[in-house]
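Student: Please take one loop position in this model and examine it closely. Then set it in the context of the helices and loops elsewhere in the chain.

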Amino acid sequence: DEEHGGINVEGNKNEEGKEDQQGNVAASEKEGSQGGMEESSTGRIGNRGHSRDVGNKEGIFLVDHIQWPVEDLQRGCSVTAELMQSLTRVFVVSVSNTFYPVPEEAIGVGSAFEGWSPWDWDGVYRVLVPLNPPPGHAFHLELDSAGQMAARIFSVRVQLECTCEREQLGEELLCFLHHSQKELQQKHKRSLLETLCTGSYLDVEKTCRWFSQLVRSSWLHVPQCYSWHLVFQPCSRSCRFQLSRGNKSLMVEMLFGLRQGDSDIFVSSQPTEANATASTAWSETYAVAEVKFFGHIARQVPCENLHLKCLQVFTCVLRGTGFSSSTWKTVVMHVLTTVPLSRWSRREFARCLWDIMAYLRRCLRSKRLEHFVLGNQRLPAAICLPAAMQRLEPLNLFEHLARDLVTHREAMRAYGQLRFRLWVLL
């Protein structure tokens, strides 16, 4: 079938079941003849000597053969989390008597903190540092982007508030609205509008420069300074630095965000194509909600890491097909909310892989893959969304396939290649 890359993708569930059986027979034969297959990537497939499931007539895939540097990921996440806890304690003291933003405890985001690593992972451990307004200030988020986008763009308007009747440590708090400029100058106090804003809006680049200076001045006050060497990396919209100790090194990137109400959705300093030129543009991020989702799933499935191993398999075989790691992540998250979690067990591993492929096929044929957070009614109740976001229509991430038939044909051909690669792998 030329349109579908030479692979028949029109089969029904019975056909998929047949392929499942064929794939597992191939796995058994491969195990007996060559001792397994290895895929060089962040994930690796190889024979570790566990053969208790070999020859099983159901053709159970050896989950134990899916390996990736999970211990290294956990170690890197642990080091990053401990460092951020130490820095946060120093930050709170440093800004306690100023009118700069107040950092909260950092939140680990991205694939490393979700427990897996795509083959194209850049090796950077990312954390999101929520910022609260200082006394006498308020943050108001204003949506800039027209219509729906995968990452909506916001501006953060800073507004002064009266603090005449408030006290801090038993002393009357300065009020930028009602105290005279002379009084403010005598006490060397400047509002956030005068330091980190452009006009009335919080500036991302100014905030990042201030925060980088804060990290520099705080480094000698944290315990980690005696065992790690810190070197800053240039970056205008985040604070990125490398930690090194002997022959070990770790890259950490601190992004800054503002929480939308009491939800798990933030606007962050992380750049996108849409906000690359505007220093006052903050992009909406769903990274915290996604980390929370993966944590929720890990507590529900019979095999804690099975869904992560599914992701690892697909990121190993997708290279050169045009499908990104983020696409696979979205597909797997949707399957986790549609397939009963009781089926995510070792004995059903191959079945789960084919379920994911079947879901992708339906999305490609309908030219529609919905954003996992925006407009999703299947999110666990543990993930809190802003009220306005709950009313949004689901965003179609495959809209470009509906607009361009040539792109759609290429995507179907890539799907055929992936399906064949998975069959060979199994």
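Tutor: Helices (H or I, at least four residues) and strands (E, at least two) are DSSP runs, numbered from the N terminus. By that assignment, Ile-265 lies in the loop between strand E14 (248–259) and strand E15 (266–268). This is a predicted model, in which local features need pLDDT of at least 70 and side-chain atom pairs count only at pLDDT 80 or more, while totals for chains, interfaces and linings use all residues. Residues are numbered from 1 along each chain as its sequence is written, and side-chain values use heavy atoms, with hydrogens and water left out.

Ile-265 has a relative accessibility of 0% and therefore counts as buried; buried means under 20% relative accessible area, exposed over 50%, and partly exposed in between (1.4 Å probe, protein chains only). A contact means heavy atoms within 4.5 Å. Leaving aside residues up to four places away in sequence, Ile-265 touches Leu-258, Arg-259, Gln-260, Glu-284, Thr-285, Tyr-286, Ala-289, Val-373, Cys-384, Leu-385, Pro-386 and Met-389. For Thr-285, the separation is 20 residues in sequence and 6.3 Å in space from the C-alpha of Ile-265.

One of these partners, Ala-289, leads to helix H7 (residues 287–298), where it is among the buried residues. Nine of the twelve residues of H7 are buried, which leaves the helix mostly covered; the others in that buried set are Ala-287, Val-288, Glu-290, Val-291, Phe-293, Phe-294, His-296 and Ile-297. At 1.5 Å a residue, the twelve residues of H7 should span 16 Å, and the end C-alpha atoms are 17 Å apart, which agrees. The expected span of a helix is 1.5 Å times one less than its number of residues.

Two packed helices are described by the angle between their axes and the distance between the axes. Axes are lines fitted to C-alpha atoms, for helices over the stretch in contact, and angles run from 0 to 180 degrees between N-to-C directions. The axes of H7 and helix H9 (residues 325–336) come within 12 Å and cross at roughly 45°. H7 is therefore oblique to H9, given that angles under 35 degrees count as roughly parallel, over 145 as roughly antiparallel, 65 to 115 as roughly perpendicular and the rest as oblique. The contact is formed by Glu-290, Phe-293, Phe-294 and Ile-297 on the H7 side and by Lys-329, Met-333 and Leu-336 on the H9 side. The crossing of H7 and H9 is left-handed: the near helix is turned anticlockwise from the far one by less than a right angle, whereas clockwise would make it right-handed.

A second helix pair involves helix H8 (residues 306–317) and helix H13 (residues 405–425), whose axes come within 10 Å and cross at roughly 115°. H8 passes H13 in a right-handed crossing. Val-313, Phe-314 and Val-317 of H8 meet Leu-418, Arg-421, Leu-422 and Leu-425 of H13. Twelve of the twelve residues of H8 are buried, so this helix is largely enclosed by the rest of the structure.

Helix H10 (residues 349–366) is mostly covered, with 15 of its 18 residues buried. Lys-367 follows H10 and belongs to the loop between H10 and helix H11 (387–390). Most residues other than glycine have a negative phi, and most peptide bonds are trans. Lys-367, although not a glycine, has a positive phi of about 55°. With 22% relative accessibility, Lys-367 counts as partly exposed.

Elsewhere, Ser-218 in helix H6 (residues 204–219) is buried at 1% relative accessibility. Beyond four places in sequence, Ser-218 touches Leu-87, Val-90, Phe-91 and Ser-94. His-221, in the loop between H6 and strand E12 (229–233), is exposed, with a relative accessible area of 60%. His-221 is 134 residues from Leu-87 in sequence, with 8.3 Å between their C-alpha atoms.

For the chain as a whole, there are 13 helices and 16 strands, and 51% of the 426 residues count as buried. Among contacts between residues at least 6 apart in sequence, 65% join residues at least 24 apart. The average pLDDT, the predictor's confidence in each residue from 0 to 100, is 79, and 75% of the residues score at least 70. Over residues 1–61, pLDDT stays under 50. Where pLDDT is low, the predicted coordinates should not be read in detail.
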